[in-house]
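Thanks, everyone. Please bring up the model on your screens, and I'll walk you through it.

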Amino acid sequence: MSTDNPGNRTPAVDDLQEDTMSTPTRIPPTELTGLFGAIVKIASRRMLGQVPDSLGVLAHHPALMRASLGIGRKIEALDELDRNLASSAVMSTAAYIGCSWCLDFNYYKAHNDGLDEAKARQVPNWREASVFTPVERHVMEYAEAMSQTPPTVTDELSAALLTELGPAALIELTAKVAFMNMSSRMNVALGIHSEGYADTCQLPPLETRATAAGPASTSAPEPQPPDTTFKAVGSTS
């Protein structure tokens, strides 16, 4: 993690304070064309009611868009890891990196998939929230540790998760966090922000982390995340 920013804050997380749905992407979206583009537009409108700006940006590079969507669908379909744990993992990754689009979309997705949305809305505040089990905390600690540069996953934390989840689920957790790192970092770099999906479902705004991180568990030395005092994604206030 860069030490160039005062208070160990990252630009991506700071951007969430100023994030609005009207913020333009750094590369203007373009039209999705051809058969694949038509399929993507139909699927997007069925799922979201619109074609996300993120797809319009990726449409400048159709081969990359196809590859990204393809691997995303395959990783999403894996089922060795409990779905609620997977949701917590990817949301905590997005919160750590500062991708408001990913947080908003995955909160909306948790609601639509019948997952525990009460816990999902607490993910950005997981260190302070009292609703999470020790396993859930280990999963989110692992996601944050993987997302640091360089990663800070310890033998102790990995061993704890291996016991709690088993090898296949731990490998799947690692892959889902890795893919969310790719997606989140691309979105932040390209200026892709929340488009208010959770807000359209009238979901309560995501909780925010208002204090410095405290110990999440006794299984491993605690990674030091950035100070993430940011406006709740999906909130219009």
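Start at Trp101. Leaving aside residues up to four places away in sequence, Trp101 touches Pro52, Ser54, Asn187, Ile192, His193, Ser194, Glu195 and Tyr197. Keep in mind that this is a predicted model.

Now widen the view from that side chain. Which residues touch the most other members of the largest nonpolar core? Trp101 is one of them, along with Met91 and Tyr107. That core holds 28 residues. Four elements give two or more residues to it: α5 (83-97), α6 (100-112), α10 (167-190) and α11 (197-200). The biggest contributor is α6, with seven residues. There is another core, lying apart from this one. It has 14 residues, including Ala89, Met146, Ala169 and Val177. As background, nonpolar side chains in soluble globular proteins tend to be buried together.

Next, the fold as a whole. The chain has 11 helices and zero strands. So what does the burial look like? Of its 237 residues, 51% count as buried. Then the contacts. Take those in the chain with a separation of 6 or more: 76% of them come from residues 24 or more positions apart.

On to the empty space. How much space lies in the largest pocket? About 1,200 Å³. Its lining counts 41 residues. Nearest the centre of the pocket are Leu69, Gly72, Arg73, Glu76 and Phe105. Several helices supply at least two lining residues each: α2 (34-48), α3 (53-58), α4 (62-77), α5, α6 and α10. The largest share comes from α10, with eight residues. Note the overlap: α5, α6 and α10 are on this list, and they also give two or more residues to the largest nonpolar core. What is the lining made of, by class? It has 25 nonpolar residues, eight polar and eight charged.

Last stop, a polar pair. Find His138 in helix α8, which spans residues 134-147. Is His138 buried or exposed? It is buried, because its relative accessible area is 8%, and the cut-off for buried is under 20%. Its side chain has a partner. A polar contact of 2.8 Å joins the side chains of His138 and Glu164.

To recap, keep three places on screen. One is Trp101, among the residues that touch the most other members of the largest core. Another is the largest pocket, with α10 giving the largest share of its lining. The third is the contact between His138 and Glu164. Over to you for discussion.

Methods. Residues numbered from 1 in each chain as written. Predicted model: local features only at pLDDT ≥ 70, side-chain atom pairs only at ≥ 80, totals over all residues. Heavy atoms only, no water. Buried < 20%, exposed > 50% of the residue type's maximum accessible area, 1.4 Å probe, protein only. Polar contact = N/O pair within 3.5 Å; in protein donor to acceptor, adjacent residues only side chain to side chain. Core = buried A, V, L, I, M, F, W, Y, C linked by side-chain atoms within 4.5 Å. Contact = heavy atoms within 4.5 Å. 1 Å grid on protein atoms, 1.4 Å probe; cavity = no way out; pocket = protein on both sides within 12 Å on 5 of 7 lines; lining within 4 Å. Points joined across faces, edges and corners; volume = space filled by probe spheres on them. Nonpolar A, V, L, I, M, F, W, Y, C, P; charged D, E, K, R; others polar.
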